[in-house]
Amino acid sequence: MRHTSSRCGVTFLACLFAVAASGAGVATETISTTELGPAAPTWFVVKAALGAGYVFDAADGEMIGTLSLTPWTPTVRRHTERGEIYAAETHYSRRHDGERTDVLRIYAHETLSPQGEIPIPKKIAALHRHYLGILSGGRFVTVYNMTPAQSVSVVDVENRRFVGEVSTPGCAVTLPTGERGFLMMCGNGTVQWIGLDENGDEANRVRSPSFFSVEDDPLFDQPTRTTAGWQFLSFAGQTMEIAVENGEIVIGESWSILGEDDAGWRPGGGQPTAFHAGHDLLVVLMHQGGVDTQDQDGTEAWILDRGTQRRIGRITFEAPASELLVVEGDEPLLLAAIGGGVHVFELATGIRVRVVQTNRGGSLLQY
């Protein structure tokens, strides 16, 4: 045994000397940082399940850069004017256990590198893309907490300080709406709106009447943002827009995305809806299935005109898609997460123009 180990050691040293000799005269590679220009409307993020976020351009399929996020960071938010990206992150001293630290980390858009962080309560519910929001005006960022008590942390990103914690029993997610405020979905079939004052403290709280049944036809907790508010969708295909006007919650008319000949079709997937502002279109991921199949990936994307409340197009996928995202640009594009890639379609024609091979899976996020 000792003789064998000696031979292995000699062989290993010989290999090292050979590698050193072959590398003689080769210049040492240096690490540099590339600065990004202004973001294009076609940029998007693929958030890998185990951590990093990868920025791509749907226009050509090229990767722009990488955000070194933690495994417990399901989304990011970018402040265009300030050139900053926000991520509410949980860190452990031993990666998956040990002492816990929660922070709102601030990344610079130009380099995608961290440039600061603000400590916040160790309560982040890193389970959902809508746990994080930038409120109107851009000064305050909200972070949803669950311990299992539910609350929202408010951070002043202009002055780099934690403002305080707002108790929100029975209500989840933070959907920026109205003047310095956010909507929350509540377990009794209502929504709640909380407005902040100029210092970031709670100034107003209103609750809607109950308008949906969490037993008979629940709402997806992944609404899509519209020009005026948020478009909600139920498991059975009922949809409505909810906005806030003058501090009051306004629930729009409910209508069905299903027509008379659409029996057996249901919405579903991890991110079932997307919105195109330019033409006021709602895009929904659809599949054929029964009750309680709301998590099933979709075989088609239905394009609906919100003004006329009718379907105007449908795109069939070659394999089921788990998430949808629309990027505007000169020619609006529909992105569909299929397998380990992102399939890019012209929204107007339904023609697939490219496949972005991310080979990482994960969530599609607006950049």
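A residue counts as buried when its relative accessible area is under 20%. In this predicted model, phenylalanine 44 clears that bar with nothing to spare for solvent: its relative accessible area is 0%, so it is buried. Phenylalanine 44 sits in strand β1, which runs over residues 43-47. Leaving out residues up to four places away in sequence, phenylalanine 44 touches a run of neighbours made up of Tyr54, Val55, Phe56, Asp57 and Ala58, and also Leu325, Leu335, Val342, Leu364, Leu365 and Tyr367. Methionine 63 is 19 residues from phenylalanine 44 in sequence, and the two C-alpha atoms are 9.7 Å apart.

Histidine 343 makes a handy companion case. Its place is in strand β28, residues 341-346. With a relative accessible area of 6%, histidine 343 falls under the 20% cut-off and is therefore buried as well. The side chain of histidine 343 also has a polar partner, the side chain of arginine 352, at 3.1 Å. Setting aside neighbours within four places in sequence, the contacts of histidine 343 take in Arg352 along with Glu318, Leu334, Leu335, Ala336, Ile338, Arg354 and Val355. Leu335 thus turns up in the contact lists of both phenylalanine 44 and histidine 343.

Next comes the nonpolar interior. In soluble globular proteins, nonpolar side chains tend to be buried together. Here the largest nonpolar core has 28 residues, and Leu104 and Val143 are the ones with the most contacts inside it. Two or more residues come from each of β5 (84-92), β6 (100-108), β8 (132-134), β9 (140-146), β10 (150-156), β11 (161-167), β13 and β14 (191-196). Strand β9 gives the most, with four residues. As for leucine 104, its contacts beyond four places in sequence include Val143 itself, plus Val141, Val155 and Val157. Also touching leucine 104 are Tyr86, Ala87, Ala88, Gly116, Glu117, Ile118, Ile120 and Leu132.

Finally, the cysteines. The count comes to one disulfide, and that disulfide joins cysteine 171 to cysteine 186, with the sulfurs 2.0 Å apart. The link is right-handed, with 100° about the S-S bond. Cysteine 171 belongs to strand β12 (residues 171-176) and cysteine 186 to strand β13 (residues 181-186), so the bridge ties together parts that are 15 residues apart in sequence. Both cysteine 171 and cysteine 186 are buried. Strand β13, home to cysteine 186, is also one of the elements giving two or more residues to the largest nonpolar core.

How values were computed: Residues are numbered from 1 along each chain as its sequence is written. This is a predicted model: local features need pLDDT of at least 70, side-chain atom pairs count only at pLDDT 80 or more; totals for chains, interfaces and linings use all residues. Side-chain values use heavy atoms; hydrogens and water are left out. Buried means under 20% relative accessible area, exposed over 50%, partly exposed in between (1.4 Å probe, protein chains only). Contact means heavy atoms within 4.5 Å. A disulfide is a pair of cysteine sulfur atoms within 2.5 Å. A nonpolar core is a set of buried Ala, Val, Leu, Ile, Met, Phe, Trp, Tyr and Cys residues joined through side-chain atoms within 4.5 Å. A polar contact is a pair of N or O atoms within 3.5 Å; within protein, one must be able to donate a hydrogen and the other to accept it, and residues adjacent in sequence count only if both atoms are side-chain atoms.
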